[in-house]
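Here are my notes on the structure you sent. They are numbered so that you can reply point by point.

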Amino acid sequence: MSEDTQQVDVVVVGLGPGGESAATQLAKAGLSVVAVDRRLVGGECPYYGCIPSKMIVRAADVLAEARRVPDFAGESTVSPDWTPVHARIRDEATTDWDDQAAVDRLVDAGATFVRGHARLTAPRTVEVEGTTYVASKGVVVNTGTDPAAPPIEGLADTPFWSNREALRNDTLPGSLVVIGGGAIGVELAQGYSRFGTRVTVVEVADRIVAPEEPEASQVLADTFAAEGIDVLAGATVERVSYDDGTFTVVVGGRTLHADQLLVAAGRRPNLRDLGLETVGLDPEARAVKTDGRMRAGDGLWAIGDITGEGAFTHTSMYEAAIAVRDILDQDGPEADYRALPHVTFTDPEIGSVGMTERAAREAGLTVRTGSTDLASSTRGWIAKATGLVKVVEDADRGVLVGACVVGPCAGEVVSMLVTAIHAEVPVDTLRSMIYAYPTFHRAVEAALADLS
Ligand SMILES: Cc1cc2nc3c(=O)[nH]c(=O)nc-3n(C[C@H](O)[C@H](O)[C@H](O)COP(=O)(O)OP(=O)(O)OC[C@H]3O[C@@H](n4cnc5c(N)ncnc54)[C@H](O)[C@@H]3O)c2cc1C
């Protein structure tokens, strides 16, 4: 074997949350592992995704809570300052966007880390920066997604933000247009708005957070309206330009001007330029198809956003654990996405799991739904909270197939419904449980009682 060809057990290409976890576990199990990333070990989540965005959300929530003091407890004066938010993201979350600690963890676990762009050149074979690695067990691909920009006239010639610039930014814009009212767009829209930026959200679908239950979209739209965030739904951006520090966005016959423009209108899977064609896969596909053990081919596993099963860190980690078991010849359950949860960290929060009512009807199920207004629950009323719980039942089987919780701690409250769907707990059993008083999760009991 030549100097620039090396024999190893496994190559992990892309070290998002799943790839980093898989490489670490496989190395700890004693395999020789080469772990490759062209950017930062850990991927989007710790540097430009979940963690910094949730630091903004947390800071914005503190401001909103302080502004609620007059409703409950006297007077408050709030003077937002972006400086500590940026400092926390820079110093605590990302160590100034430096991944040395993550690289050290990987190396300490026994993996070999290589920084560079990796390409498959044949089955079980990966080339990085002139070195070819032949992997006897195979290759795990976890290349994730990059921000995508829609083909809007003029957009590419402007210094618009993706999530990366929005989360690295150290000064607050006076005004911001957000193209895209999905989870990333609405979290950042509300975060910036609560610091004093005038925000307009433009969404091509007829409502924001369109994949959620329509009732959830409505609660969030009402909240945004009350907080002074403009939402243009069902609106297509026609043209964008930038001149002298100002963005001009032409949308549905209106012309918006803003100091900054955030494009949060989708993600592009990193599948091109990966050599997928050399292993019989389509580099132009939206996702890499896998079986229940995350196998995408002989000696090839795919995990994370590129599998198209839900672009979340927990999906990536879940799939990594399954691929690791398969590589180590260990038994375990195959991938099962029936009870995949996701949380949009707005205020109110949206926690969802499984199918929406519409998806369940389109799947041909006999659907019953139940819902309740959170404000009518004791805890919701005490907290002056807005929100709801909606459950979707497969009435033929008497089990839940979907649920949506909107309100304080919705991401936590939904977890009991994740259990219910995952374990197919009969609705009758859920109705016979005891729900602590006065909690937000008592609204689940009310929604179950409403099933009809
Ligand atoms: C603003 C924002 C907020 C988010 N908030 C949440 C949240 O609250 N909760 C949640 O669950 N999810 C959230 N997500 C999604 C989450 O970040 C991703 O689902 C998560 O990072 C998992 O992605 P992944 O493992 O597929 O890979 P990624 O994190 O995308 O990492 C892929 C890695 O592969 C590398 N790579 C790509 N191609 C190659 C190549 N050819 N050679 C070498 N390296 C390569 C890249 O450099 C990158 O480091 C958020 C995302 C964004 C953008």
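1. A backbone N or O atom of Phe312 lies 3.2 Å from an oxygen atom of the ligand. The model is predicted, and this distance is computed from its atoms. For Ala311, a backbone N or O atom is 3.3 Å from an oxygen atom of the ligand. Cys45 also has a polar backbone atom 3.4 Å from a ligand oxygen.

2. Which residues are closest to the ligand? They are Asp37, Lys54, Asp305, Thr313 and Ser316, out of 39 residues that surround the ligand.

3. Helix α10 covers residues 313-327, a range that includes Thr313 and Ser316, two of the residues closest to the ligand. The helix has 15 residues, and the distance from its first C-alpha to its last is 21 Å, close to the 21 Å expected at 1.5 Å a residue. Just after α10, Asp329 has a positive phi of about 55°.

4. Which residues of α10 are buried? The list is Thr315, Ser316, Glu319, Ala320, Ile322, Ala323, Val324, Asp326 and Ile327. An α-helix has 3.6 residues a turn, so residues three or four places apart point the same way. In the list, Ser316, Glu319 and Ala323 are among the buried positions.

5. What do the buried residues of α10 pack against? Their contacts are with one helix, α1 (17-28), and with the strands β1 (5-13), β6 (131-141), β16 (295-297) and β17 (300-302).

6. Elsewhere, 3 strands make an open sheet with antiparallel pairing, in the order β11-β12-β13. β11 (237-243) and β13 (254-258) are at the edges; each has a single partner strand, so one side of each lacks a neighbour in the sheet. On average, neighbouring strands here are turned by 20° against each other, direction ignored. β11 and β12 (residues 246-251) run antiparallel and are joined by 6 bridges. Tyr242 has Phe247, in β12, as its bridge partner.

7. Another open sheet has 5 strands, paired antiparallel in the order β18-β19-β22-β21-β20. Its edge strands, β18 (341-344) and β20 (367-373), each pair on one side only. The average turn between neighbouring strands of this sheet is 10°, direction ignored. Strand β19 (residues 349-354) runs antiparallel to β22 (residues 399-407), with 6 bridges joining them. For Gly354, the bridge partner in β22 is Gly402.

Key. Residues are numbered from 1 along each chain as its sequence is written. This is a predicted model: local features need pLDDT of at least 70, side-chain atom pairs count only at pLDDT 80 or more; totals for chains, interfaces and linings use all residues. Side-chain values use heavy atoms; hydrogens and water are left out. Two strands pair if DSSP finds at least two bridges between them. Helices (H or I, at least four residues) and strands (E, at least two) are DSSP runs, numbered from the N terminus. Axes are lines fitted to C-alpha atoms, for helices over the stretch in contact, and angles run from 0 to 180 degrees between N-to-C directions. The expected span of a helix is 1.5 Å times one less than its number of residues. Buried means under 20% relative accessible area, exposed over 50%, partly exposed in between (1.4 Å probe, protein chains only). Contact means heavy atoms within 4.5 Å. A residue is near a molecule or strand if one of its heavy atoms lies within 4 Å of it. A polar contact is a pair of N or O atoms within 3.5 Å; within protein, one must be able to donate a hydrogen and the other to accept it, and residues adjacent in sequence count only if both atoms are side-chain atoms.
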